[in-house]
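Visitor: I'd like to go through this one label by label and hear the reasoning behind each. Can we start right away?

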Amino acid sequence: MYRELLTHPKLRKFMRSSGLSRNEAAGTLFSVWAWGVDNAERNGMILEADRRDIADVISAGSGLSDGVKPSKVVDSMVESGWIDELDGHLYLHDWDEWQEMYYRFIDKREKDTARKRRAREAEKEAAGLPPPSSPAPSPPAPLPPAEEEQAEEPKEKPKKSSKAKPDKKKYADFVSMTEEEYGKLIGEYGEEAAKRMVEILNNYKGSTGKPYKSDYLAILNWVVKRIKEESPGIIRPKTSSHSESGQEGSIVPEEWRNFRRGEA
């Protein structure tokens, strides 16, 4: 539990929209977070679940008052920003930040386990004991007579065609995207907002060392919401330009424009 939770503005918004008391709202969040440890990825995406699954978790673990519908509580969590909904998936908001200490503990435990295993192997090697080896593979079973002739000329497996992934471009020291992804941000939110989104993510990754599989999805996951909360005025979607004829992308010959002005 982080100490600012009970006085956080988002908790009050959650309380008002759901009709829960302060303790009920906090208990509901803790129930969902505890369930998320085993059911969410590091970026907060909840695996194979929808709002009904989260409603089941809330009804089973948080002790709601009579008459409070768990489905309404889930809707309130989305509305107040505790759960994000993106491209058909549900995300626990800022999950990687709140669970940073937990994931750091898991990584340390895995590293300690690997280090101890290497130390044991080194001790055995120093004592003259052979290192553990994998069992020798068993010889292949003889083929039936009908299959021996077919095995003489193995058929070539068709090669899978691999599509080249588009190259990513660095837009800051720690932020890389494809030009298409960056163009989508500009088209959706405007160039000034896109640059500010890159700056926010770059500062966060530079200060925490946090890696992302996709910086573009990280921006959509939480940076966009932060921009909307802190600087909504810089969001200006890029509008498409229209030609003089009123049709997008069409080109009007100079002679026709002169004729229209009476200069032909």
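Guide: Sure. Leucine 29 sits in helix H2, and keep in mind that this is a predicted model.

Visitor: What makes leucine 29 count as buried?

Guide: Its relative accessibility is 0%, and buried means under 20%, so the label fits. Leucine 29 also appears among the buried residues of H2, which include Ala25, Val32 and Trp33. Leucine 5 is 24 residues away from leucine 29 in sequence, and their C-alpha atoms are 9.9 Å apart.

Visitor: How does the span of helix H2 compare with what is expected at 1.5 Å a residue?

Guide: H2 covers residues 22–39, which is 18 residues. The expected span is 26 Å, and the distance from first to last C-alpha is 25 Å, so the two are close.

Visitor: And how do you know that the span of H9 agrees with its number of residues?

Guide: H9 has 18 residues, so at 1.5 Å a residue it should span 26 Å. Its end C-alpha atoms are 26 Å apart, which agrees. Among the buried residues of H9 are Ala193, Met197, Leu201 and Lys205. After H9 comes glycine 209, with a positive phi near 70°.

Visitor: Why is the contact between arginine 51 and aspartate 75 called a salt bridge?

Guide: The closest N and O atoms are 2.6 Å apart. The cut-off is 4 Å between a side-chain nitrogen of Lys or Arg and a carboxyl oxygen of Asp or Glu, so this pair qualifies.

Visitor: What does the pair of arginine 51 and aspartate 75 tie together?

Guide: Arginine 51 belongs to helix H3 (residues 51–61) and aspartate 75 to helix H4 (residues 70–79), so the bridge joins parts 24 residues apart in sequence. There's a network here too: salt bridges link Arg51, Asp75 and Glu85.

Visitor: Are arginine 51 and aspartate 75 buried, partly exposed or exposed?

Guide: Arginine 51 has 29% relative accessibility and aspartate 75 has 37%. Partly exposed is what falls between under 20% and over 50%, so both get that label.

Visitor: How many salt bridges does a search of the whole structure find?

Guide: It finds 8. One of them joins arginine 236 and glutamate 192, at 3.4 Å from N to O. Arginine 236 is in the loop between helix H10 (215–230) and helix H11 (254–260), while glutamate 192 is in helix H9 (residues 191–208), so that bridge connects parts 44 residues apart in sequence.

Visitor: What labels do arginine 236 and glutamate 192 get for accessibility?

Guide: Arginine 236 is at 52%, which counts as exposed, since the cut-off is over 50%. Glutamate 192 is at 47%, which makes it partly exposed.

Visitor: What separates glutamate 199 and arginine 196 along helix H9?

Guide: They are 3 residues apart in H9, so about one helical turn separates them. Their side chains meet in a salt bridge at 3.2 Å, N to O. Glutamate 199 is partly exposed at 40%, and arginine 196 is partly exposed at 29%.

Visitor: What makes a patch of positive charge on the surface here?

Guide: The residues gathered in it are Lys116, Arg117, Arg118, Arg120 and Lys124, and Lys and Arg count as positive. Take arginine 120, which lies in helix H6 (residues 100–126). Its relative accessible area is 49%; a patch member needs over 30%, so arginine 120 passes that test.

Visitor: Why is the phi of glutamate 48 worth a mention?

Guide: Most residues other than glycine have a negative phi. Glutamate 48 is not a glycine, yet its phi is positive, about 50°. It lies in the loop between H2 and H3, and at 81% relative accessible area it is exposed.

Visitor: Where is aspartate 87 placed, and is it buried or exposed?

Guide: Aspartate 87 is in the loop between strand S1 (83–86) and strand S2 (89–92). Its relative accessibility is 62%; exposed means over 50%, so that is its label. Aspartate 87 is not a glycine either, and its phi is positive at about 50°.

Technical notes: Residues are numbered from 1 along each chain as its sequence is written. This is a predicted model: local features need pLDDT of at least 70, side-chain atom pairs count only at pLDDT 80 or more; totals for chains, interfaces and linings use all residues. Side-chain values use heavy atoms; hydrogens and water are left out. Helices (H or I, at least four residues) and strands (E, at least two) are DSSP runs, numbered from the N terminus. Buried means under 20% relative accessible area, exposed over 50%, partly exposed in between (1.4 Å probe, protein chains only). Patches are made of residues with over 30% relative accessible area and no salt bridge: like charges are joined within 9 Å, nonpolar side chains (Val, Leu, Ile, Met, Phe, Trp, Tyr) within 5 Å. Accessible areas come from the Shrake-Rupley method with a 1.4 Å probe; for residues, only the protein chains shown count as cover. The place of a charge is taken as NZ of Lys, CZ of Arg, CG of Asp or CD of Glu.
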